[in-house]
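Open the model in your viewer and keep the selection panel at hand. The stops below say what to select and what is there.

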Amino acid sequence: MVERAESESRKLLGRLRDTMANEAAGQERLDQITHLTADSMGTEVCSIYLFRDEETLELCATQGLNPDSVHQTRMKLGEGLVGRVARSGKTINAADAPSARGFRYMPETGEEIYPSFLGVPIQRLGEKLGVLVVQSKDAREFSADEIYALEVVAMVLAEMTELGAFVGEGAALRARHTQPVLVRGVTAQEGTAEGHVWLHEPRVVVTNLVADDPETERTRLTTAVENLRISVDQLLAVASGDTEQVQVLEAYRMFANSKGWLRRMEENIDRGLSAEAAVEKEQSDVRARMLQATDAYLRERLQDLDDLSNRLLRIITGQGQQTGADLPENPILVARNIGPGELLEYGRQLRGIVLEEGSVGSHAAIVARALAIPLVINAKRMQNEALNGDHIMVDGDQGIVHLRPDDIVVGAFRDKMAMQAQAQERYASIREKPAVTLCGKTIRLEMNAGLMADLPSLENSGAEGVGLFRTELQFLVRSQMPKRNELAALYARVLDAAKNKRVVFRTLDIGSDKVLPYMQAEDEPNPALGWRAIRVGLDKPGVMRMQLQALLRAANGRPLSIMFPFIAQYEEYSAARAEVDKALAREKKLGHRPPETLEIGAMLETPSLAFASKKFYEEVEFLSIGGNDLKQFFFAADRENERVRRRYDTLNVSFLTFIEDILQRCRTSNTNVSFCGEDAGRPVEALCLAAIGLTSLSMRPASIGPVKHLLRRCNLDDVRKVIHDARDAGEQSVRPAVMEYLRGLT
Ligand code: PEP
Ligand code: MG
């Protein structure tokens, strides 16, 4: 029985291949496929429904239904049985369709006389393309073999669609990958870029779907699986010690050795598919399961299996990884996701980055920011839509990607880029000038950094120093804990590059959103309020001690500034400070040169520190307000949560009054204070912070020009008055009043 089903299936596939080989136009091919499918399956009806747009399906070819309804009958996603198959991505097999849930009668098609219905999704690697349906007069459920056969036809259809087989005069489909596409994502790094698509993992294109000789295909498959096993073992051998990677590779090995996986693919071959099509069919099934899996662990494992299938496909087809040498001009990287290490390898060659996944706080986003490369994340479907070399425009300010843009979009986008370039010229012209306001106050503008890639910005941004060096970034982009000597060499290079400018090294700030790949992550209900930053440093002082030693050695007689993150009470500062004293004494004993001067500060990121004792304010040598964390705790709004992170305005009077109070305390105790959260780099926010008394701001290098440009045009006394008047008038935010003031500037 199974054998008969296999030979039937092979026959059907053979006929499909002949159809593909025909010189026929797209519509004709679709028609032929419906005829021969209905014929082979012994059903009266076979119909192909394809997506017209994301929400609408259209009957594009049929054998058995009223031919006049072709290109006329349409349905919404989720509407009727066909719409339900499309939405869920699941097969529907109904002996009595009219009484099945969701049935919708389409009178123009004449389908009422066919009670039995079998619909399977046409999808390629998770991308929904349409629905393939057979219907018949006798009310019966279709068998597992029949379902399989129809799924295979659907897969072949999907592949042929990808290859452009149905395009042409009067055709059902527009050519794929030729139309303009606009994708909305989320901004992770501002800026605009125009260039050409560079797919981090280019799609594998399978051209020979059908094969006559199953033996040859089985051999091709088993040889490729063997090679895959060897390559996974080799990767495991070099990855030892690196826990997360080892875990993933162990999962790969388990799947690569799984008999079930191989057997399912071999069965696909027995039914007439080529080795690569057999892998793809199995991969499609995995993806369908992945969409339905609610358990996070299971989804991750299915994701591993999906990655493994990709590797196998590359081995079978010989379509290997691309090399950096082939990069197009002005490359814009398109990927599902990318690790920080890989991104650093591409480095500044990239003009822009578009990711289907990712998060604003991800390591890739941190690297993109350091490299000042526009980055849009959560850009759905990009990998399916984009082809290597496609023209692409990335609007990192709006979080929008234009793929193959039309002339109107190109014109508007280039105008925007030209305006930005003009602004850049303006900023360059004031680079060497101080940020002096119209009322004669000088604001110190420093930059935030964390990677070696940031250092050139010290020269070309006009920054007066590094107000925040996030040392954890060096830890985050590696796959192993760095050693003390490596760190010392690295910090020394930072100080060398800074020449005599001040660099404030913040000790390791891990936990919460920053999880080191090689450290066991603690499962905490509220990581932002959990075991992070100085709390980890004091509870497990080994790493902090190593880092302090590295910093002292790097300074080697030069001035050194160290800052502790996330200090919530005086004792944390004094305990951390005691660690520095101990480290210094030890270094001196070992004969190392102590720093010329050593200042030790704290970040004010929790409201509690604003109310700390007078003793703390007198002892701490400087404070830096970490507005990102401070704001999230002040408003109780998670900075990583898209739903709430923009909900409260920094220029809300409560927050500004809170900062003013902190500044007043610092004045009383004569404590140096600066502000280093993201808001310092937003010109209007920076202006208000300066107006209420901050004289030092640290920001992304790219923000220094715009902030300085605005400060130089404003009178802080006037702005302060505007802020206080708005507050006295009972406004919730001073923003409207300040914007009004700015509109009045000449
Ligand atoms: C902050 O919280 O404002 C800050 C500068 O630190 P990070 O963004 O690294 O948490
Ligand atoms: Mg912080």
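Start with the second largest pocket, which has a volume of about 1400 Å³. It is lined by 45 residues, and those closest to its centre are Q189, E190, Q424, A702 and S703. Select these five to find the place in this predicted model. Then colour the elements that give two or more residues to the lining: β9 (192-199), α11 (363-370), α13 (407-429), α14 (456-460), β23 (696-699) and α25 (701-711).

Now zoom out to the whole protein chain. Its C-alpha trace spans about 90 × 60 × 45 Å along the principal axes. The chain has 27 helices and 23 strands. Of its 746 residues, 55% are buried. Among contacts with a separation of 6 or more, 66% are between residues 24 or more positions apart.

**Helix α11**

Go back to one of the elements of the pocket lining, α11. How many of the 8 residues of α11 are buried? The count is 7, so the helix is largely enclosed by the rest of the structure. Select H363, A364, A365, I366, V367, A368 and A370 to show the buried residues. They pack against β8 (186-189), α10 (340-346), β11 (352-355), β12 (375-377) and α15. Step just past the end of α11 to A372, which takes a positive phi of about 55°.

**Helix α16**

Next, select α16, residues 484-497. At 1.5 Å a residue its 14 residues should span 20 Å, and the end C-alpha atoms are indeed 20 Å apart, so expected and computed spans agree. The buried residues here are L487, A488, L490, Y491, A492, V494 and L495. Show what they pack against: β17 (465-470), α15 (472-476), β18 (502-506) and α18 (541-555). Helix α15 is thus a packing partner of the buried residues of α11 and also of those of α16. Just after α16, look at K499, where phi is positive at about 50°.

**The magnesium ion**

Select ligand 2, a magnesium ion. Which residues coordinate the ion? They are E605, through OE, and D629, through OD, at 2.0 to 2.1 Å. The two come from distant parts of the chain, 24 residues apart: E605 lies in the loop between β20 (598-604) and α20 (607-610), while D629 is in helix α22 (residues 627-634). Are these residues buried or exposed? E605 has a relative accessibility of 3% and therefore counts as buried. D629, at 2%, counts as buried because the cut-off is under 20%.

**Strand β21**

From the loop that holds E605, step back to β20 and then across to β21, which runs parallel to β20 and is joined to it by 3 bridges. A602 has L623 in β21 as its bridge partner. Strand β21 also runs parallel to β22 (residues 672-675), with 4 bridges between the two. Here S624 is paired with S674 in β22.

Turn on the side chains of β21, residues 622-625. In a regular strand, side chains alternate between the two faces of the sheet. In β21, F622 and S624 point one way and L623 and I625 the other way, and all are buried.

**Strand β1**

Move to β1, residues 45-53. In this strand 7 of the 9 residues are buried, so β1 is largely enclosed by the rest of the structure. Strand β2 (residues 56-63) runs antiparallel to β1 and is joined to it by 7 bridges. A hairpin connects the two through 2 residues. To check the pairing, pick F51, whose bridge partner in β2 is L57. Strand β6 (residues 127-136) also runs antiparallel to β1, with 6 bridges. There I48 stands opposite L132.

**L687**

For the last stop, select L687 in helix α24, residues 683-691. With a relative accessible area of 0%, L687 is buried. Beyond residues up to four places away in sequence, it touches L710, L711, C714, L716, V719 and L742. Two of these, L710 and L711, fall in the range of α25 (701-711), an element of the pocket lining from the first stop. Finally, add L13 to the selection: its C-alpha atom is separated from that of L687 by 69 Å, and the two residues are 674 residues apart along the chain.

Conventions
Residues numbered from 1 in each chain as written. Chains lettered and ligands numbered in written order. Predicted model: local features only at pLDDT ≥ 70, side-chain atom pairs only at ≥ 80, totals over all residues. Heavy atoms only, no water. Donors = N, O, S within 2.8 Å, 3.2 Å for Na, K, Ca; no water. Buried < 20%, exposed > 50% of the residue type's maximum accessible area, 1.4 Å probe, protein only. Expected span 1.5 Å × (residues − 1). Contact = heavy atoms within 4.5 Å. Pairing = 2+ DSSP bridges. 1 Å grid on protein atoms, 1.4 Å probe; cavity = no way out; pocket = protein on both sides within 12 Å on 5 of 7 lines; lining within 4 Å. Points joined across faces, edges and corners; volume = space filled by probe spheres on them.
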